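This report walks through the fold of one protein chain, strand by strand and then outward to the helices and loops. The sequence and the model are shown first.

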Amino acid sequence: MRIFVLLMTTLWALTACAQPPKTTRTPMTPVKKTEEEWKKTLTADQYRVLREKGTEAPWSGKFNKHKEDGTFTCAACGAELFTSKQKFDSGCGWPSFDAAIDNKRILTAKDYDLGYARTEIMCANCGGHLGHVFDDGPTETGLRYCVNSVSIDFKKVGVKPVTAAH
Ligand SMILES: [Zn+2]
């Protein structure tokens, strides 16, 4: 009997482990702030998009038609995410990029908010919501990173080296 109970307990534990983990879509990232802290540092629009995974209206963003040379950074933490060379005019109403500076700087998660699967993109440094990535890009990467303007900032300088020289 004792073995049976042990066996059942083990089976239960295994079954419990087999449950898929709850997807929080709020990843653990190097930059950790409470929602109160984010509310103090972000504008209301930035907070709604970056922290609450909102979407700005198409054609409304300041970087949609932006064509200057430079680097796009996370509006929440300043991490360099995209360059102007990776930007292209997708016609979708949001700034679009065919690649990121480094894939390690972008986190992805499955998003079913609209009833079908999309791939959400987030800043890997702070977890801020950027937008979505689609596999219908027109360049050789085949990717279209569709990013909210309020999620990013721009600076007219090149990308800093990923690893600092010692
Ligand atoms: Zn960030």
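In the pairing of β7 with β8, F134 has R144 of β8 as its bridge partner. The two strands run antiparallel and are joined by four bridges. This is a predicted model, and the pairings described here are those found in its coordinates.

On its other pairing, β7 (residues 129-134) runs antiparallel to β6 (residues 118-123), again with four bridges between the strands. Within this pair I121 has G131 as its bridge partner, and M122 stands opposite H129. The hairpin of β6 and β7 has five residues between the strands, and G127 takes a positive phi near 80 degrees there. β7 is mostly covered, since five of its six residues are buried.

β6 in turn is joined to β5 by six bridges, and these two strands also run antiparallel. D111 has R118 of β6 as its bridge partner, and the hairpin that β5 and β6 form has six residues between the strands, with G115 in the turn showing a positive phi of about 95 degrees.

These strands belong to an open sheet of six strands, which has the order β3-β4-β8-β7-β6-β5 and antiparallel pairing. Its edge strands are β3 (87-88) and β5 (106-111), each of which pairs on one side only.

A separate open sheet is formed by three strands in the order β2-β1-β9, and here too the pairing is antiparallel. β2 and β9 (152-155) stand at the edges with a single partner strand each, so one side of each is left without a neighbour in the sheet. From one strand to the next, the twist averages 35 degrees. Three bridges join β1 to β2, and in this pair T71 stands opposite T83 in β2.

The strand pairs for which bridges have been given are collected below.

| Strand pair | Bridges | Residue pair |
|---|---|---|
| β5 and β6 | six bridges | D111 and R118 |
| β6 and β7 | four bridges | I121 and G131 |
| β7 and β8 | four bridges | F134 and R144 |
| β1 and β2 | three bridges | T71 and T83 |

Which elements supply the nonpolar interior? The largest nonpolar core has 29 residues, and those with the most contacts inside it are C74, L81, A100, C123, Y145, V147 and I152. Two or more residues each come from α3 (44-51), β1 (71-74), β2 (80-83), β5, β6, β7 and β8 (144-147). For C123, leaving aside residues up to four places away in sequence, the residues touched are C74, A76, C77, A79, L81, G128 and L130.

The helix α3 has three buried residues to note, Q46, V49 and L50. They cover an arc of only 90 degrees around the axis, which puts them on the same side of α3. An α-helix has 3.6 residues a turn, so residues three or four places apart point the same way. The buried residues of α3 pack against β7, a strand that is itself mostly buried. After α3 comes K53, whose phi is positive, near 60 degrees.

Is D89 buried or exposed? D89, which lies in the loop between β3 and β4 (96-97), is exposed, because 11 other C-beta atoms lie within 10 Å and a residue with 12 or fewer counts as exposed. In sequence D89 and K65 are 24 residues apart, while their C-alpha atoms are 7.6 Å apart in space.

Taken as a whole, the chain has three helices and nine strands, and along the sequence these follow the pattern α-α-α-β-β-β-β-β-β-β-β-β. Of its 166 residues, 30% count as buried. Among contacts between residues at least 6 apart in sequence, 58% join residues at least 24 apart.

Confidence in the prediction should be kept in view when the model is read. The mean pLDDT of the chain is 88, and 82% of its residues reach 70 or more. Over residues 15-23, however, pLDDT stays under 50, and the model has one contact beyond four places in sequence for this stretch. Where pLDDT is low, the predicted coordinates should not be read in detail.

Notes: Residues are numbered from 1 along each chain as its sequence is written. This is a predicted model: local features need pLDDT of at least 70, side-chain atom pairs count only at pLDDT 80 or more; totals for chains, interfaces and linings use all residues. Two strands pair if DSSP finds at least two bridges between them. A nonpolar core is a set of buried Ala, Val, Leu, Ile, Met, Phe, Trp, Tyr and Cys residues joined through C-beta atoms within 7 Å. A residue is buried if 20 or more other C-beta atoms lie within 10 Å of its own, exposed if 12 or fewer, and partly exposed in between; C-beta atoms are placed from the backbone. Two residues are in contact if their C-beta atoms, placed from the backbone, lie within 7 Å. Axes are lines fitted to C-alpha atoms, for helices over the stretch in contact, and angles run from 0 to 180 degrees between N-to-C directions. The arc is that of the directions from the helix axis to the C-beta atoms. pLDDT is the predictor's confidence in each residue, from 0 to 100.
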